[in-house]
Amino acid sequence: MTLTNRQAATLCVALSVCGLLLVPTNFPGLSGDARLTLVVFALATCAWIGTPIDDTYVALGAGLALTITGVVSADTLFATLGDPTVWLLICAFVLAAAVARSGLAARAAAFLVTGARTVRQLTHLTTAALVVTAFAIPATSGRAALALPVFLALARALAGRPRLVVALALLFPTVILLSAVATLIGAGAHLITVSVLWESTGERIGFHEWLLLGLPLAVVSSHLAAEVVLLTTTRRADRRGPVHLAVEDIQRHTEQRVTGPLSQAETRCAGLLASVVLLWCSEPLHGVPPALVALIGAVVITAPALGTIRLKDALATVPWSLLLFMAATMAMGVALSDSGAAGWLTSGLPGDATVPAWLFLAVVVTVSTAAHLVLQSRSARSSVLVPLVVASAAACGVDPVAAALASTAAAGFCHTLPASAKPVALFADVPDTPTYTPRDLLRLSAVLGPLTAALVLAFALAVWPLLGVAP
């Protein structure tokens, strides 16, 4: 087997780190469990970066290695599957399957975009519709799959304007990725961040806290990105032309009904989804945990006489690989914290009197924004970065919650290459439809990357402190 340059470099780094850690005389302040944890963590990170091995397989191997060596107990490893955040994601996917089956999402999208009369209106109404889907569909890949038929309908209705179609092809994954920060269920990486914060600091971020902090950032960044897409992809003449889209134009290109009165299934689904989101947002008033609310909604939406989808069919849409990945990385986070490895890694950092909070957050945001060039998986990026960011923040006197949220939000930018994120790859290869090229992505990223990093930093320093999370 011939190794690529990237794989060879990754292997050399992994072996060098492990060699240094396994020599007992090196790093005398490091305990045996901490050494083993860092070895496993380094090997897993290098495997995520430099090998084609499935991310979940690597995470499970790392969790198993930590359990066999006694760094964490078997009960700790298996208990992560029972974490409330895992249950929240399972039930959210069940609810999402019901929404997709009912056709409610396609109807809502068609209602919004057919109100556009100019290119800019179409762009921002599409953006608004995609932001709203973050409340109904968990994980960015699921939202991309749901949005693809809507894009195809728009592309066929605008077939005479190829540049505009390319702009829409770029807009869909861009907004899906950036708007994920709006909700706790927007990406699996968010649940990993919440779990790391809980294990490391004892602070639990609920659905409503995340919504309060993330939704404004999602709205601003998504609509700002929409303008960047327009400016980097289309010409002035493309943006001047009027747009005439009727509901019938969308209906001709989609199998789901987007006209006429709501069906009984759509009405029940809309009512239940609105109730679930309302209960999530009002958790401080009633005290019911978000995972329990989601479970109640999942049971109702799959009930034999009342539901709109069978439980068996809904569970088939759950990404069990992602859930196992989350569980294994949670165990890795516990090992980093309990073994003292995270504390040792940050023990040499200067105290809060030396490092200004803005400088620390600027470094965190910059590294997190660029991390997609090395780690393609968003969840893997959070699994590697967030435990280190949280430990470093505590050592430097920065609020770990602010640092972890800034890192997770910045990691949402992953647009540079088609392989950087699944939604980008999905919309980059649409048969019989004009779409973007790698050059288009590079042009967009050159503007949007620094802009996104600056926006996240501005929110962390100026907006989130007004909402109770000060660095």
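## Cysteines

Cys281 is partly exposed, its relative accessible area being 29%, whereas Cys414 counts as buried at a relative accessibility of 2%. These values, like the others in this report, come from a predicted model. The structure holds zero disulfides; Cys281 takes part in none, and the cysteine sulfur nearest to it, that of Cys269, lies 17 Å away. Because a disulfide requires two cysteine sulfur atoms within 2.5 Å, that separation of 17 Å leaves Cys281 unpaired.

## Helix 14 and helix 16

Cys269 also appears in a helix contact, that of helix 14 with helix 16. Helix 14 covers residues 264-281 and helix 16 covers residues 290-301, and their axes come within 9 Å while crossing at roughly 170 degrees. The pair is therefore roughly antiparallel, since angles over 145 degrees are counted in that class.

On the side of helix 14, the residues that meet helix 16 are Cys269, Leu272, Val276, Leu279 and Trp280, and they face Pro290, Val293, Ala294, Gly297, Val300 and Ile301 of the partner helix. Sorted by character, the residues of this contact comprise 10 nonpolar and one polar, with no charged residue.

## Helix 11 and helix 24

A second antiparallel arrangement involves helix 11 (residues 207-233) and helix 24 (residues 438-463), which pack at an angle of about 160 degrees with their axes 10 Å apart. That angle makes helix 11 roughly antiparallel to helix 24, and the crossing of helix 11 with helix 24 is right-handed. Helix 11 contributes Pro216, Leu217, Val220, Ser221, Leu224, Ala225, Val228, Val229 and Thr232 to the contact, while helix 24 contributes Arg443, Leu444, Val447, Leu448, Leu451, Leu455, Val456 and Phe459. By character, these residues divide into 14 nonpolar, two polar and one charged.

Thr452 also lies in helix 24, and with a relative accessible area of 8% Thr452 is buried. Leaving aside residues up to four places away in sequence, Thr452 touches Leu178 and Phe413.

## Helix 10 and helix 21

Helix 10, which spans residues 188-201, packs with helix 21 (residues 378-396) at an angle of about 25 degrees, and the two axes are 9 Å apart. Helix 10 and helix 21 are therefore roughly parallel to each other, because angles under 35 degrees fall in that class. The crossing of helix 10 and helix 21 is right-handed.

The residues of helix 10 in this contact are Gly188, Ala189, His190, Ile192, Thr193, Val196, Leu197, Ser200 and Thr201, and those of helix 21 are Arg378, Ser379, Ser382, Ser383, Val386, Pro387 and Val390. Their division by character is seven nonpolar, eight polar and one charged.

## Two buried residues of helix 10

Ile192 is found in helix 10 and counts as buried, with a relative accessibility of 2%. Apart from residues up to four places away in sequence, Ile192 touches Phe325, Met326, Thr329, Ser379, Ser382 and Ser383, and the serines Ser379, Ser382 and Ser383 are also among the residues of helix 21 that meet helix 10. Ile192 and Pro387 stand 195 residues apart in sequence, yet their C-alpha atoms are 9.7 Å apart in space.

Val194 lies in helix 10 too, and at 1% relative accessibility Val194 is likewise buried. With residues up to four places away in sequence set aside, Val194 touches Thr85, Leu184, Arg204, Ile205 and Trp210. The C-alpha atom of Val194 is separated by 21 Å from that of Leu466, which is 272 residues away along the chain.

## Ala59 in helix 3

Ala59 has its place in helix 3, residues 55-68, and Ala59 counts as buried, its relative accessibility being 0%. Outside a window of four places in sequence, Ala59 touches Trp48, Phe325, Ala328 and Thr329. Phe325 and Thr329 are also touched by Ile192, so that, because contact means heavy atoms within 4.5 Å, both of these residues have heavy atoms within that distance of Ala59 and of Ile192. The C-alpha atoms of Ala59 and Asn26 are separated by 27 Å, and the two residues are 33 residues apart along the chain.

Technical notes
Residues numbered from 1 in each chain as written. Predicted model: local features only at pLDDT ≥ 70, side-chain atom pairs only at ≥ 80, totals over all residues. Heavy atoms only, no water. Buried < 20%, exposed > 50% of the residue type's maximum accessible area, 1.4 Å probe, protein only. Axes fitted to C-alpha atoms, helices over the stretch in contact; angles between N-to-C directions. Helix = DSSP H or I, 4+ residues; strand = E, 2+ residues; numbered from the N terminus. Parallel < 35°, antiparallel > 145°, perpendicular 65-115°, else oblique. Left-handed = near helix turned anticlockwise from the far one by under 90°. Nonpolar A, V, L, I, M, F, W, Y, C, P; charged D, E, K, R; others polar.
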